[in-house]
Amino acid sequence: MKRFVTAVVKHETNTFSPIPTPLSNFGHHGSEPGPISGDLALRAYRGTNSAAAAYIDIADQEGAELVFPIAANATPGGCPEDSLIDHAAEEIIAAVTAGCDALFLDLHGGMATPGYDDPEGEMLSRIRAVAPDLPIAVAFDFHTNLSQVTIDNATVITGYRTYPHIDQYETGARAGRTLIRAMNGEVDPIMLWHSLPILSHLNKQTPSRQPMKDIMDMAIAAEAAGDVLNAGLLGCFPLADIPFVGMHAIVVVDRDRGQDAGEALLRELMTMAWDRRAEFVFEVEAVETSISHALSLGEGPVLLADHGDVAGSGGATDVMDVFEEAMRQGLDDVCVGPIWDPDAVAQMTQAGVGAEVTVQLGGKTDFPAIGHKGRPLEVTGTVRRITDGKFTVTGPMATGTQQNMGQCAVLDTGRAEILVSTARHEPFDIGCFTHAGIDPSAKRFILIKSRQHFRAGFEPIIKHVVMVSGPGITTSDYGQYPWDRVRRPIYPLDPETPPNFPPAWQQK
Ligand SMILES: [Zn+2]
């Protein structure tokens, strides 16, 4: 019987974020703090929209035993500790050296720790050192910061080709199937890749829209036609002051048959991305202007997406400026949140449902990297509901997974129902509101902190989207970040950056 090993190690690190990411954050709903493993991990991922779920199915189809030594996944924030990487590598290596025919990894790729700029490459090179010939498949997030070390120490790499990420299972299945074909001797995969010096803006990367759509569509078509084994682009996670940010493409080809086609495709993808580089720049707009634009729109719900303070990019979700301006301009019939404020939740819980309270809401976090001082907002309202903050995702992103926002409370000011949470959460599924008795589809306005993932769950119920460039440590004004260690020159920080191709880079 074949023995496969799978593992999940995921974190998107905003190196400018002051929010700590201890090992205890890498937990899963319903379990003790920290990473899980074995049957607990299998139960958490089987049947969900995740790369790990695809690996579980592949092991079943191949009649292989599946060992799951670690599943570690935390909400984006500041740097995790180096010990997370040391621990994860040790657990995976122990499982591999106990006997392993293939390794299937579900990684984010956008992690950075104080000691490791390239934690995924570090883990892979340690695994490769003890298992030189082991077939290794890796599924990455679209927001991967890719390195040569990572490429050199894996057999097959695929990345999400959607943002919001709704192809997580498919990404694992694509990497896993190619690896199985390689193990069966049908193909001999090698990877071609390139990384352009473009700091593409998170608000402009999505493959469902231009300028990325044509480029990603070309990669998808080449893979579907069988010209190459796998192909895709990775938009990168730009809020990381490390050398590996850039816009990447990876093409997996059969060594004997596909190399010419792969190199031609890679060059075409990268040329098109480079030619469109100016379109990957996002222009910020004053908050007052965006709010008044929202007010001018007719039928609701109008969704206001505050992308300066997004949990899914390492934000605090406690910056109150956009809400304050919305109230100043008279927005009514609004649902808001989740706002991260454990103290306010405790105060409302103590007051109880039905009580009128005045809280100093949010503003508890300073962002020294951009010189921002937290400023709470005094809000008075009635406590409508207290919840445990747990719900199961029903929308298309991370479908079936359990989400946990910690204890939550709903504060009703008359004009706004505010969901306040004890854990940070980016709203990508309407369950975050509906679990607390708030129906966002019945509101005139929905004010949330998200930049793209909200589209997965909210687009079906809204009439308009207004992007709001609020302040915070996920600010869309990249000029505010104290860049120091990104590779230079890089576009658009250096407008005259020259292109860096050819040659295409290849796995060594
Ligand atoms: Zn992502």
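This report describes some helices, turns and buried residues of the structure shown above.

The structure is a predicted model, in which local features need pLDDT of at least 70 and side-chain atom pairs count only at pLDDT 80 or more, while totals for chains, interfaces and linings use all residues. Residues are numbered from 1 along each chain as its sequence is written. Helices (H or I, at least four residues) and strands (E, at least two) are DSSP runs, and they are numbered from the N terminus.

## A helix with a buried side

Helix H1 covers residues 38–45, and Ala41, Ala44 and Tyr45 are buried in it. A residue is called buried if 20 or more other C-beta atoms lie within 10 Å of its own, exposed if 12 or fewer do, and partly exposed in between, with the C-beta atoms placed from the backbone. The three buried residues are on the same side of H1, because they cover an arc of only 85 degrees around the axis, where the arc is that of the directions from the helix axis to the C-beta atoms. An α-helix has 3.6 residues a turn, so residues three or four places apart point the same way. The buried residues of H1 are covered by elements that include helix H2 (51–61) and strand S2 (65–73). H1 is followed by Gly47, whose phi is positive, near 80 degrees.

## Two pairs of packed helices

Two packed helices are described by the angle between their axes and the distance between the axes. Here the axes are lines fitted to C-alpha atoms, for helices over the stretch in contact, and the angles run from 0 to 180 degrees between N-to-C directions.

Helix H3 (residues 82–97) packs with helix H4 (residues 119–130) at an angle of about 30 degrees, and their axes are 10 Å apart. This angle makes H3 roughly parallel to H4, since angles under 35 degrees count as roughly parallel, over 145 as roughly antiparallel, 65 to 115 as roughly perpendicular and the rest as oblique. On the H3 side the contact is made by Ile85, Ala88, Ala89, Ile92, Ile93, Val96 and Thr97, and on the H4 side by Pro119, Glu122, Met123, Arg126, Ile127 and Val130. Two residues are in contact if their C-beta atoms, placed from the backbone, lie within 7 Å. By class, the contact of H3 with H4 has 10 nonpolar, 1 polar and 2 charged residues; Ala, Val, Leu, Ile, Met, Phe, Trp, Tyr, Cys and Pro count as nonpolar, Asp, Glu, Lys and Arg as charged, and the others, Gly among them, as polar.

In the second pair, the axes of helix H9 (residues 287–296) and helix H10 (residues 321–328) come within 10 Å and cross at roughly 50 degrees. H9 and H10 are therefore oblique to each other. Their contact is made by Val287, Glu288 and Ile291 of H9 and by Asp321, Val322, Glu325 and Ala326 of H10. By class, this contact of H9 with H10 has 4 nonpolar, no polar and 3 charged residues.

## Phe445 and the cis peptide bonds

Phe445 lies in strand S17 (residues 445–448), and it counts as buried because it has 26 C-beta neighbours inside 10 Å. Leaving out residues up to four places away in sequence, Phe445 touches Ala294, Gly300, Pro301, Val302, Leu304, Leu331, Asp333 and Val334. Phe445 and Pro301 are 144 residues apart in sequence, yet they are 5.1 Å apart in space, C-alpha to C-alpha.

Pro301 is found in the loop between H9 and strand S9 (302–306), and the peptide bond from Gly300 to Pro301 is cis, with omega near -5 degrees. A cis peptide bond also joins Gly337 and Pro338, where omega is about -10 degrees, and Pro338 has its place in strand S10 (residues 334–340).

## Buried residues in loops

The table lists three loop residues with their places and their neighbour counts.

| Residue | Loop | C-beta neighbours within 10 Å |
|---|---|---|
| Cys236 | between strand S7 (230–234) and strand S8 (247–254) | 26, buried |
| Thr317 | between S9 and H10 | 29, buried |
| Thr155 | between helix H5 (148–152) and strand S5 (156–159) | 24, buried |

Cys236 has a positive phi of about 80 degrees although it is not a glycine, and Thr317, also a residue other than glycine, has a positive phi near 55 degrees. Apart from its neighbours within four places in sequence, Thr155 is in contact with Pro135, Ile136, Ala137, Leu179, Ala182 and Pro189. The C-alpha atoms of Thr155 and Ala182 are separated by 9.1 Å, and the two residues are 27 residues apart along the chain.
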